[in-house]
Amino acid sequence: MKKASVILLIVLVLIQFILPVRRNHSGQANPQDISRVYPVPEKIQRLLNNACYDCHSNNTRYPWYANLQPASWWIDSHIKKGKAALNFNEFGRYPPRRRQSKLKSIASSIEDGTMPLASYTLIHESARLSKADKEVIKDWIDQTWDSLSQNK
Amino acid sequence: MKNIILSLAASVLFFSACNSGTKSADRPSVEHTATPSTDTAASKAGQPGLTKIIDVYLQMKNALTRDNDKDAAAAGLNLARAISSIEATSLPPGQAKVFSDIADDVKEHAEHIGANAGNIKHQREHFETLSQDIYDLVKAGVSTSTKLYFDHCPMYNNNKGANWLSETKKISNPYLGQSMPDCGTVKEELNN
């Protein structure tokens with residue numbers, strides 16, 4: 001039993017050295033951020049920052065345990081997939097049609113609860129969206145979507 | 001001895017399960033541009049490719065009408081593949097611009113539908129926007145193998161309504177499926 005624990009410990013120590021941890025930090029202002037393209041009320045921006053931006057932007061606020069493996073791998077994987085699906089900082093680069101599709105997806109994801117990820121909100125209390133929060137976000141999306149359709 | 005093997009196996013499993021995707025290349029998340037075609041004779045090849053897109057879309061529509069999420073997902077993957085294989089530069093200029101604009105969106109929705117067998121509700125959400133994209137494609141002049149009908153269902157999505165394209169004049173509703181297959185009206189006939 002003691003031997004098994006020692007081996008596990010060695011493995012845990014070894015994996016800390018295996019792969020470098022990538023950092024999602026752009027260190028720059030984001031001219032293509034969604035807020036530069038559409039009016040985003042402060043309250044909405046705060047909700048988006050807390051509930052979404054860690055995985056869906058170019059700047060992640062990493063917790064202390066992100067320096068440890070295997071947490072680092074897991075987090076990196078979430079960020080990579082998140083950014084590929086939606087990146088708020090690059091929203092301005094999306095062609096109009098794609099913007100509308102993304103807005104629709106955001107609304108339906110938070111409505112059916114698939115986003116933010118349960119594993120994320122479990123750890124990050126500030127990321128939890130109340131029913132009222134969701135309504136506010138959805139209303140904002142509706143307005144933005146409507147204004148997009150009119151400008152086609 | 002058994003404990004050592006067990007804990008070694010557990011460790012390997014543990015960090016191989018978490019080691020997903022760190023070595024794979026980054027997928028671009030910004031605007032997608034079509035790569036130029038080197039084969040100029042492919043200019044005529046664009047049309048059959050586009051017709052295929054409409055056909056696969058109709059297969060997807062029919063699957064949703066039957067409440068068959070698995071077939072819809074299969075059609076989704078086919079559609080994503082089909083649209084990726086078309087070079088915008090092989091199309092006449094008027095269509096090329098519209099096509100580039102629409103293609104990315106179609107591909108994403110098709111992929112999502114492909115990834116959501118088992119969640120027909122989610123597939124139908126994406127199908128709504130996809131239908132609008134395909135409609136725009138047809139209106140831009142893409143020729144179709146058959147006459148198409150642009151249909152409207154007023155009840156879907158809490159009465160917000162949604163549209164779809166059909167090859168039959170008879171209404172077969174992909175949004176409500178077998179629960180209400182006849183719901184809807186023909187809004188427009190498309191003769192391409």
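**Contacts in chain B.** I began with sequence separation in this predicted model. In chain B, residues 24 or more positions apart make up 66% of the contacts with a separation of 6 or more. I then looked up burial for the chain: 44% of its 192 residues count as buried.

**Layout of chain B.** I counted six helices and three strands in chain B. Going along the sequence, I read the pattern as α-α-α-α-α-β-α-β-β.

**The sheet.** In what order do the three strands of the open sheet in chain B lie? I found 2-1-3, with antiparallel pairing. Strand 2 (162-166) and strand 3 (185-190) of chain B are the edges, each pairing on one side only. I also noted the turn between neighbouring strands of this sheet, which is 25° on average, direction ignored.

**Strand 1 against strand 3.** Next I followed one pairing in chain B. Strand 1 (residues 148-153) and strand 3 of chain B run antiparallel to each other and are joined by five bridges. Here I spotted B:Phe150, which stands opposite B:Glu188 of strand 3.

**Helix on the sheet.** I wanted to know which strands helix 5 of chain B lies across. Helix 5 (residues 120-139) crosses strand 1, strand 2 and strand 3 of chain B, and its angle to strand 2 is about 55°.

**Over to chain A, helix 6.** Helix 6 (residues 96-111) of chain A has 16 residues. I got 23 Å from its first C-alpha to its last, close to the 22 Å expected at 1.5 Å a residue. This helix is mostly covered, with twelve of the 16 residues buried. The buried ones include A:Arg97, A:Arg98 and A:Arg99, along with A:Leu103, A:Ile106 and A:Ile110. Just past the end of helix 6, I noted that A:Gly113 has a positive phi of about 80°.

**A:Ser108.** Is A:Ser108, a residue of helix 6 of chain A, buried or exposed? Its relative accessibility is 17%, and the cut-off for buried is under 20%, so A:Ser108 counts as buried. I then checked its partners and found a polar contact at 3.5 Å between the side chains of A:Ser108 and B:Glu125.

**Helix 3 of chain A.** For helix 3 (residues 42-51) of chain A, I listed A:Ile44, A:Gln45, A:Leu47, A:Leu48 and A:Ala51 as buried. Why do I say that they line one face of the helix? Looking down the axis of helix 3, I see the buried residues fall within an arc of 160°, so they line one face.

Notes. Residues numbered from 1 in each chain as written. Chains lettered and ligands numbered in written order. Predicted model: local features only at pLDDT ≥ 70, side-chain atom pairs only at ≥ 80, totals over all residues. Heavy atoms only, no water. Pairing = 2+ DSSP bridges. Helix = DSSP H or I, 4+ residues; strand = E, 2+ residues; numbered from the N terminus. Axes fitted to C-alpha atoms, helices over the stretch in contact; angles between N-to-C directions. Contact = heavy atoms within 4.5 Å. Expected span 1.5 Å × (residues − 1). Buried < 20%, exposed > 50% of the residue type's maximum accessible area, 1.4 Å probe, protein only. Arc of directions from axis to C-beta. Polar contact = N/O pair within 3.5 Å; in protein donor to acceptor, adjacent residues only side chain to side chain.
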